[in-house]
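Work through the exercises below with the sequence and coordinates open. Each task is followed by a stepwise solution.

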Amino acid sequence: MAAESDGADRKTLLRLLIERVDVTAHDDSERVDVVVHWAGGQQTRTQMARPVGRLNQLARHKELLERIRILRRQGLTVEQIAEALNQEGWKTPTQRSPFNERLVRAMVHRHGAPVRGPRPVPSTAPDAWWLADLARELNMPVITLYGWIRRGWLKSESVKGQRVAYADRKELARLKKLRERQLRFRPATRTKESRA
């Protein structure tokens, strides 16, 4: 076809070459089979993706959710997960727009992705922990760790505006013992008889 041909000419030529096109959608999924029947009896078969309304209509939605769970356990934020999914070639149900923070956050909440795992700490020091991750490791509130820092029981510093603590395996063992000791010697709540 000549470069000067306009759209109308191209459509007319295609109508002469194509007898019909059969489109078959796969069981409420994004997959669509397309068969082009050419004049002269030849057929061209292909499979395409169409927009769908829900995540569970994607043929690979379980794989997609598992990938999100893996990335979440690795400590990635929803923004980083969206970026990773786009780079890996995953498609959203609409097929039109890339993954973004809002969509991934909704998927995490709706489909029960795990709590984010430890984030990579922006520190070159070995054994660096975000306080929230260290608190989870020690099974204790973050606020208690701040108290330990004030008392000098835990080494830490501010990195990019957030508090980072340092604890190798030996230090973790010491902190766990300290936590157990605190729980053991916690003052008992006063009973009615002791108030009288």
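**Exercise 1. Backbone outliers**

Task: Where is Q95 placed, and is Q95 buried or exposed, or in between?

Solution. Step 1: Q95 is in the loop between α3 (78–87) and α4 (101–111); helices are DSSP runs of H or I, at least four residues, numbered from the N terminus. The model is predicted: local features need pLDDT of at least 70, side-chain atom pairs count only at pLDDT 80 or more, and totals for chains, interfaces and linings use all residues. Residues are numbered from 1 along each chain as its sequence is written, and side-chain values use heavy atoms, with hydrogens and water left out.

Step 2: Q95 is not a glycine, yet its phi is positive, at about 65°. Most residues other than glycine have a negative phi.

Step 3: Q95 counts as partly exposed because its relative accessibility is 26% (buried is under 20% relative accessible area, exposed over 50%, partly exposed in between; 1.4 Å probe, protein chains only).

Step 4: N139, in the loop between α5 and α6, also is a non-glycine residue with a positive phi, about 55°. N139 counts as exposed, at 67% relative accessibility.

**Exercise 2. A helix pair**

Task: Describe how helix α5 and helix α6 are arranged.

Solution. Step 1: The axes of α5 (residues 131–138) and α6 (residues 142–151) come within 9 Å and cross at roughly 105°. Axes are lines fitted to C-alpha atoms, for helices over the stretch in contact, and angles run from 0 to 180 degrees between N-to-C directions.

Step 2: The crossing therefore makes α5 roughly perpendicular to α6 (angles under 35 degrees count as roughly parallel, over 145 as roughly antiparallel, 65 to 115 as roughly perpendicular and the rest as oblique).

Step 3: L131, A132, L134, A135 and L138 in α5 meet V142, L145, Y146, W148 and I149 in α6, where contact means heavy atoms within 4.5 Å.

**Exercise 3. Salt bridges**

Task: How many salt bridges does the whole structure have? Place two of them.

Solution. Step 1: A search finds seven, a salt bridge being a side-chain nitrogen of Lys or Arg within 4 Å of a carboxyl oxygen of Asp or Glu.

Step 2: One of them joins R67 and E88, at 2.7 Å from N to O. R67 lies in helix α2 (residues 61–73) and E88 in the loop between α3 and α4, so the pair ties together parts 21 residues apart in sequence.

Step 3: Another pairs R136 with D133 at 2.6 Å. These two are about one helical turn apart because three residues separate their positions in helix α5. D133 is buried at 8% relative accessible area, whereas R136 is partly exposed at 46%.
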